[in-house]
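Biologist: I should be grateful for a close reading of one part of this model. Please begin with how far the prediction may be trusted.

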Amino acid sequence: ASAQKTLQMLQTYYPQNDVSLSTYYNNIGQILCSTRDYNGALTFFEKALENLQQCVPVNQTLLAKTYN
């Protein structure tokens, strides 16, 4: 529930194509992963990747790090 509230706040303050969202999505995914909520974590990791794919060129280092 807390992750969903955070997501709603982020989407209110940042435009959908803001690369900063990727960092936040990834951080939320890391937190959920550490609490063993792997399905929730995967959802946020996928959001981070999708956002980066929309915001940066394919050959960008930041995008490559997301795949790691």
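In which helix of the chain is confidence lowest, and in which is confidence highest? Please then examine the surroundings of Ser22 in helix H2.

Modeller: This is a predicted model, in which local features need pLDDT of at least 70 and side-chain atom pairs count only at pLDDT 80 or more, while totals for chains, interfaces and linings use all residues. Residues are numbered from 1 along each chain as its sequence is written, and side-chain values use heavy atoms, with hydrogens and water left out. Confidence is lowest in helix H4 (residues 61-67), with a mean of 59, and highest in H2, with 90; pLDDT is the predictor's confidence in each residue, from 0 to 100. Where pLDDT is low, the predicted coordinates should not be read in detail. For the chain, the mean pLDDT is 82, and 81% of residues reach 70 or more.

The chain has four helices and zero strands, these being DSSP runs (helices H or I, at least four residues; strands E, at least two) numbered from the N terminus. Ser22 belongs to helix H2, residues 20-34, and Asn51 to helix H3, residues 38-55. Ser22 has a relative accessible area of 3% and is therefore buried (under 20% relative accessible area, 1.4 Å probe, protein chains only). Asn51, at 4%, is likewise buried. Their side chains make a polar contact at 2.4 Å, that is, a pair of N or O atoms within 3.5 Å, of which, within protein, one must be able to donate a hydrogen and the other to accept it; residues adjacent in sequence count only if both atoms are side-chain atoms. Residues up to four places away in sequence aside, Ser22 also touches Ala48 and Leu52, contact meaning heavy atoms within 4.5 Å. With the corresponding neighbours within four places left out, the contacts of Asn51 include Gln16, Asp18 and Tyr25.

How values were computed:
Buried < 20%, exposed > 50% of the residue type's maximum accessible area, 1.4 Å probe, protein only.
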